[in-house]
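Trainee: I have a model open and a list of labels for it. Can we go through what earns each label?

Mentor: Yes. Bring the structure up and we will start with a definition.

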Amino acid sequence: MGVHSADLELARLCADGDEHAWERFVREYRPLLYRAADALDRTQGAREIADSLYADLYGMKSSGGERQSLLRYYEGRSSLATWLRAVLAQRYVDRVRVQRRVEPLPDGDVPARTKDPDPDRARYVALVQQALGRAVAALTARDRLRLGCYYVQELTLAQTGRVMNESEASASRKLARSRVAIRRGIEQQLRDEARLSDDQLAACFASVADDPGPLDLKQVIYE
């Protein structure tokens, strides 16, 4: 095995769903991901990307029952920490590119500016708000409580775990599962009901990330 054999073995165990390995991963690499996110964006705007990456690292099971974890792509050619930073940085760059595609042109490039530079933004926010409410409502009451503890009450993972009577690793894993379920639910609704294309979906999520408008997670979770 290579120089980074220990990292490779940890990644393999996490991808296979080993709870002890995932607990170690949470303890050692979640702070690293947040530090890397804050280095990319000092306003902490990249932390949402780090959380999304965390969900993909945990992975979900496909319809065929096979586990799909992003960690299966780690090959040990660099340290796991370096690989994680690179993946996070690439996702951040991708987000910035999407946001730039939907930004209005500078003043000098257009003869006149409308009052609202992005006429679709209000519609996109409304669509996501409606889809978010439905996606969260589809979760179990326990999953909604966990989301409320972590995202609304802003408890730490350890505190959330104590409230839910589960380990920090278990709380992290289940939050990741809920995030994936919500994202998939929103995307499916936007495709099936709003008939949005892939480009429109990207613009939609970029609009919400840039300006969430009236989105109220507390109301969505607790109503």
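Mentor: Ala, Val, Leu, Ile, Met, Phe, Trp, Tyr, Cys and Pro count as nonpolar, Asp, Glu, Lys and Arg as charged, and the others as polar. Keep in mind that this is a predicted model.

Trainee: How do the residues of the lining of the largest cavity divide?

Mentor: The lining has 5 nonpolar, 1 polar and 3 charged residues. Its members are Arg-30, Asp-51, Tyr-54, Tyr-151, Leu-157, Ser-172, Leu-175, Ala-176 and Arg-179. Tyr is on the nonpolar list, so Tyr-54 and Tyr-151 go there. Arg and Asp are on the charged list, so Arg-30, Asp-51 and Arg-179 count as charged. Ser is on neither list, so Ser-172 is polar.

Trainee: What makes this space a cavity and not a pocket?

Mentor: A 1.4 Å probe fits in a cavity but cannot get out, whereas a pocket is open. The structure holds 1 cavity of 30 Å³ or more. About 60 Å³ of space lies in the largest cavity.

Trainee: Which element gives the most to the lining of the largest cavity?

Mentor: That is α8, with 4 residues. The elements that give two or more residues are α3 (47–58) and α8.

Trainee: Why are α7 and α8 called roughly perpendicular?

Mentor: Take the angle. The axes of α7 (residues 157–164) and α8 (residues 168–192) cross at roughly 95°. The label covers 65 to 115 degrees. The crossing falls in that range, therefore the two helices are roughly perpendicular to each other. Their axes come within 8 Å.

Trainee: Which residues of α7 and α8 meet?

Mentor: From α7 come Leu-157, Ala-158 and Gly-161. From α8 come Glu-168, Ala-171, Ser-172 and Leu-175. This contact divides into 4 nonpolar, 2 polar and 1 charged. Gly counts as polar here, so Gly-161 is on the polar side. Leu-157, Ser-172 and Leu-175 also appear in the lining of the largest cavity.

Trainee: What makes Ser-178 buried?

Mentor: Ser-178 lies in α8. Its relative accessibility is 2%. Buried means under 20%. The value is below the cut-off, so Ser-178 counts as buried.

Trainee: Which residues is Ser-178 in contact with, leaving aside its neighbours within four places in sequence?

Mentor: Leu-139, Asp-143 and Leu-147. Contact means heavy atoms within 4.5 Å.

Trainee: And Arg-179, on the same terms: what is Arg-179 in contact with?

Mentor: Leaving aside neighbours within four places, Arg-179 is in contact with Glu-48, Asp-51, Ser-52, Ala-55 and Tyr-151. Arg-179 is in α8. Asp-51 and Tyr-151 line the largest cavity, as does Arg-179. Arg-179 and Ala-135 are 44 residues apart in sequence, yet 9.9 Å apart in space, C-alpha to C-alpha.

Trainee: Why is Thr-156 called partly exposed?

Mentor: Partly exposed runs between the buried limit of 20% and the exposed limit of 50%. Thr-156 has 42% relative accessibility, so it counts as partly exposed. Thr-156 lies in the loop between α6 (141–152) and α7. From Thr-156 to Glu-168 is 12 residues in sequence and 9.1 Å in space, C-alpha to C-alpha.

Trainee: How do you know which class Ala-126 is in?

Mentor: By the matching test. Ala-126 has 42% relative accessibility, so it is partly exposed. Ala-126 is in α5 (residues 121–137). Ala-126 and Val-208 are 82 residues apart in sequence and 9.5 Å apart in space, C-alpha to C-alpha.

Trainee: What makes the phi of Asn-165 worth a note?

Mentor: Most residues other than glycine have a negative phi. Asn-165 has a positive phi of about 60° and is not a glycine. Asn-165 sits in the loop between α7 and α8. Its relative accessible area is 72%, over the 50% cut-off, so Asn-165 is exposed.

Trainee: What are the phi and the place of Arg-195?

Mentor: Arg-195 has a positive phi of about 60° and is not a glycine. Its place is the loop between α8 and α9 (198–210). At 66% relative accessible area, Arg-195 is exposed.

Trainee: Last, how many helices and strands does the protein chain have?

Mentor: It has 10 helices and 2 strands. Of its 223 residues, 40% count as buried.

Technical notes: Residues numbered from 1 in each chain as written. Predicted model: local features only at pLDDT ≥ 70, side-chain atom pairs only at ≥ 80, totals over all residues. Heavy atoms only, no water. Axes fitted to C-alpha atoms, helices over the stretch in contact; angles between N-to-C directions. Parallel < 35°, antiparallel > 145°, perpendicular 65-115°, else oblique. 1 Å grid on protein atoms, 1.4 Å probe; cavity = no way out; pocket = protein on both sides within 12 Å on 5 of 7 lines; lining within 4 Å. Points joined across faces, edges and corners; volume = space filled by probe spheres on them. Buried < 20%, exposed > 50% of the residue type's maximum accessible area, 1.4 Å probe, protein only.
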